[in-house]
Amino acid sequence: MLNLFKKFLKAVGIVLTVLVLTAGVGLLWYRSASQPQIDGRLQLAKVPAGADTNAAIAATGQTGSAAGMPSAAIEIVRDAEAVPHIYAKSANDAYFALGFVHAQDRLWQLGMHRRIASGRLAEILGPNALDTDRFLRTLGVRHNAEAILPNLSPAAQASLRAYADGINAYLRQRRGPLPPEFVITGTPAPELWQPADSIAWETMMAWDLGTNWSQELMRMRLSQKLSLAQINEIMPPYPGDPVLATRDYTGLYRSLAGTVAQLSAVAAIAPASHVEGMGSNNWVVSGARTASGKPLLANDPHLGMTAPALWYLAHLSAPGLNATGASMPGLPGIVLGHNDRVAWGFTNTASDVQDLYIERVNPANPRQYQTPDGWADFAMRSETIRVKGQTDVQLVVRSSRHGPVISGALPLLDRTALDARTHVIAFAWTALRPDDRSLQGALGFNTAGNWKAFLAAARDFSSPQQNVVYADVDGNIGFVAPGRVPVRGAANDLHGLAPAPGWDARYDWQGFIPFEALPQRFNPASGRVVTANHKIVDPDYQPYLTSEWSLPYRAERINALLDEQARFSVPSFQSMQYDHVSLAARDLLPFVRATQGSSPLAADAMKLLATWNGSMDADRPEPLIFNAWMREFSRRLLLAPLGADLMRDYFDQRNTQPMLIDVLKNPHGQSHWCTVPADGMLPAAVDCKTLLSVSLDTTLAALEKQYGGAPGSWRWGKAHYVLMEHRPFGKVAALASWFDIRLPVPGDTYTVNVGRYNFKDDVQPFASRHAAGLRAVYDLSNLDNSRFIQSSGQSGNVLSPLYAQYAQRWSVGQTITIPTQRAAVEQNSLGTLVLVP
């Protein structure tokens, strides 16, 4: 019997071994088979007549792709850093090949970009994504993209079509298995790409950089508890600017508590934006300030950190086109980079291009709303949302003369207050217009050869408004802030800072600022231009752009570094991009150092902070002590007056830092906020000194519990790591560790090397979710000496060695070059793929 049992165990062991080996072999095969072909000749499949419209397209009412082919063979050389160098016979053939390589390397990301913009996430992610789809369908991004397309120039339309054809050529040609995300979610092969998909994704990038509406909603919500004077203290103006929010609609807002609650629920389902921690840097200096005698230009745009990154490095070479830099899957061309003659870089202007309007519904006819001229009909359209595993959901979208009624994105509950049925909130946004030609303008940057041509392209760039710095090989530097910014009349006493009564004509937009009146400079006498989302115009500049600029700490630090030496080089610009001294911390350090805690740990902590210079080094304890302390101080300061629910949404470093400065410096009596009641086991505070002391003791006790040891052994990098989150698996605990990328990094929200974190996150409050996903330095004396890095890798396939190929180098400030000379490109190249039509 024993021998029989041993034989049984042996047989089971053999079976298990075979199964493990089979699974291992299968995984190795899948890993290899799911990688793209990067070498050899590939004969592109001809499209049979009538075969270019698949079932998925027909089901959504989209039109199929034309049977587009490149005009000639295209060579794609992937260099030693996996950057594709595309050699084509025409610019549109180059865009075709860019679409092809985007699909090869970022197929899942492309699909997610389209689904986000179109409001079609629930088709693959199920009911958990339904509310987000409801919001996006209400917003109508994809709907508006279809209206934009015919208004673009024939050349821009042809480029979009060529890019779509390249993606679709890969989809038709693909033979291997789909990337892991498709397998895990059971998502079918993607449908064909449409030009409107690219326009819609460009609009979503504008959304990411222009959500002033959330600040308007915050003011409306704060009015439920605070006076206008208190709101202006808790959301103070930009340093040196007057308070503009002087019109008191607190009574109206409080009478609309149900509408406010409804809109707050809608805001919770809207796609995340990153204006709360917005930060990008660019600066350019003339040849008079460089070792080479030619300009240098630096740019590091800051967006939400994702895995893979939003950026994809590429080089496009064709007659009339030789552009190198960062492309973005879903869009044709190089978004940020250089061509043979010019280089350019973006930061967000953050102009106020969104307004919320309270629309009064006709009590006798719910299909109408009040205008200055009487009752008018809502424009209405129906949307069908498909939900994985459930029946379709029907959504009726209403629009007023101002824009879509976003408060209708969610159905009203039976218990919702009556005012939510008598008033709705409409959303006005400059990007939701059929005459938006931003993508056309961006394509123009790729081929511009001088300032005049560059400005001509910038005229078409309307959303989002950007601070664009420029340099050319002739030695010129420049700056322009193109974008469509609404003109608000003199009688508009809200200035776009809070929701306005839609029936009052004084709050209507009065057209848009002419291009000629937008900020621009060419060869300034200073020999430099610096933008970092701070106020870019003089105090007397008119017309009004915004009052919600980012605090000027990064701009001040960049200017200080530029003042420190006479001439600069590529390495010195790279060092500046990686600088992580926080002037925001230095602003608060005098108050911090005057504090005396009562805990045994406080003496050790204060010794460390006494000599700290505000540098947010990952391997130092001071940044962790300081930032955790300021987080707790902010929480105690605001929890009682705001309440837990409102505090949860307001609690963000961008919101709290300006208030902390005013409260601690007390220029106009703002220190009264430091009088706070007891909070659980924590004692009450009667002044800021006491509140700082109590907050320090609480912070140190929490840090000791989490990290152990003495304060000197703690490290900022243990808490402050970049979190590049995968969509959607970053939200799935069992998969996040496989698909997310995580590395310790220096910096904070206000350092040049930004590492913005989220105060509201109680689990990972200091994880950097918003940083420089791209860094570039352009050398106009030798453009092949320019430097680049993006935050993850070229591949979006987690099984590829290129998934996180750049991440470690990015985290420590290293970069790569992207040569444009063919011999240098082919040295140690990974392969050459020839696409044959």
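**Close-up views of a predicted model**

**View 1. Helix α5 and the glycine that follows.** Just past the end of α5, Gly140 adopts a positive phi of about 80°. This model is predicted, and the close-ups below walk through some of its local features. Helix α5 itself spans residues 130-139 and is mostly covered, with 8 of its 10 residues buried. If you would like to pick them out, the buried ones are Leu130, Asp133, Arg134, Phe135, Leu136, Arg137, Thr138 and Leu139.

**View 2. Thr347 in strand β10 and its polar partner.** Strand β10 covers residues 342-348, and Thr347 belongs to it. With a relative accessibility of 1%, Thr347 counts as buried. Its side chain makes a polar contact of 2.7 Å with the side chain of Thr531. Setting aside residues up to four places away in sequence, Thr347 touches Ser280, Asn281, Asn282, Asn299, Gln466, Asn467, Thr531 and Asn533.

**View 3. Two non-glycine residues with positive phi.** One of the neighbours touched by Thr347 is Asn533, and its backbone deserves a look too. Asn533 is not a glycine, yet its phi is positive, at about 65°. Asn533 sits in the loop between β23 (528-531) and α17, and a relative accessibility of 1% makes it buried. Ala350 also has a positive phi, near 65°, in a residue other than glycine. Here the setting is the loop between β10 and β11 (354-362). Ala350 counts as buried at 13% relative accessibility, because the cut-off for buried is under 20%.

**View 4. The disulfide of Cys674 and Cys688.** The structure holds 1 disulfide. It is formed by Cys674 and Cys688, whose sulfur atoms are 2.0 Å apart. The torsion about their S-S bond is about 90°, so the disulfide is right-handed. Cys674 lies in the loop between α23 (653-665) and α24 (688-707), while Cys688 is in helix α24, so the bond ties together parts 14 residues apart in sequence. Are these cysteines buried or exposed? Cys674 is buried, at 0% relative accessibility, and Cys688 is buried as well, with a relative accessible area of 11%.

**View 5. Ser795 and its contacts.** Look for Ser795 in the loop between β29 (787-790) and α27 (807-811). Its relative accessibility is 4%, so Ser795 counts as buried. How far apart are Ser795 and Asp105 in sequence and in space? They are separated by 690 residues in sequence, but their C-alpha atoms are 4.8 Å apart. Not counting residues up to four places away in sequence, Ser795 touches Asp105, Arg106, Pro308, Ser800, Leu802 and Tyr803. A polar atom of the Ser795 side chain also lies 3.0 Å from the backbone nitrogen of Asn797.

**View 6. Two cis peptide bonds before proline.** Pro308, one of the residues touched by Ser795, is joined to Ala307 by a cis peptide bond with omega of about 0°. Pro308 is placed in the loop between β6 (302-304) and β7 (312-318). Another cis peptide bond, again with omega of about 0°, links Ser463 and Pro464. For Pro464, the location is the loop between α16 (451-458) and β17 (466-472).

**View 7. Helices α17 and α19 crossing.** The axes of α17 (residues 553-563) and α19 (residues 583-593) come within 8 Å and cross at roughly 100°. The two helices are therefore roughly perpendicular to each other. At the contact, Tyr553, Glu556 and Arg557 of α17 meet Leu583, Ala584, Arg586 and Asp587 of α19. These contact residues divide into 3 nonpolar, no polar and 4 charged.

**View 8. Helix α18 and the loop after it.** In helix α18 (residues 570-577), 6 of the 8 residues are buried, so the helix is largely enclosed by the rest of the structure. The buried residues are Val570, Ser572, Phe573, Gln574, Met576 and Gln577. Their cover includes β4 (281-285), β5 (296-300), α17, β28 (774-779) and β29. Ser582 is in the loop between α18 and α19, and it is buried, with a relative accessible area of 0%. A polar contact of 3.0 Å joins its side chain to that of Asp748. Beyond its neighbours within four places in sequence, Ser582 is in contact with Gly614, Met616, Asp748, Tyr750 and Thr751. The C-alpha atoms of Ser582 and Asn613 are 8.5 Å apart, for residues separated by 31 places along the chain.

Technical notes
Residues numbered from 1 in each chain as written. Predicted model: local features only at pLDDT ≥ 70, side-chain atom pairs only at ≥ 80, totals over all residues. Heavy atoms only, no water. Buried < 20%, exposed > 50% of the residue type's maximum accessible area, 1.4 Å probe, protein only. Helix = DSSP H or I, 4+ residues; strand = E, 2+ residues; numbered from the N terminus. Polar contact = N/O pair within 3.5 Å; in protein donor to acceptor, adjacent residues only side chain to side chain. Contact = heavy atoms within 4.5 Å. Disulfide = S-S within 2.5 Å. Axes fitted to C-alpha atoms, helices over the stretch in contact; angles between N-to-C directions. Parallel < 35°, antiparallel > 145°, perpendicular 65-115°, else oblique. Nonpolar A, V, L, I, M, F, W, Y, C, P; charged D, E, K, R; others polar.
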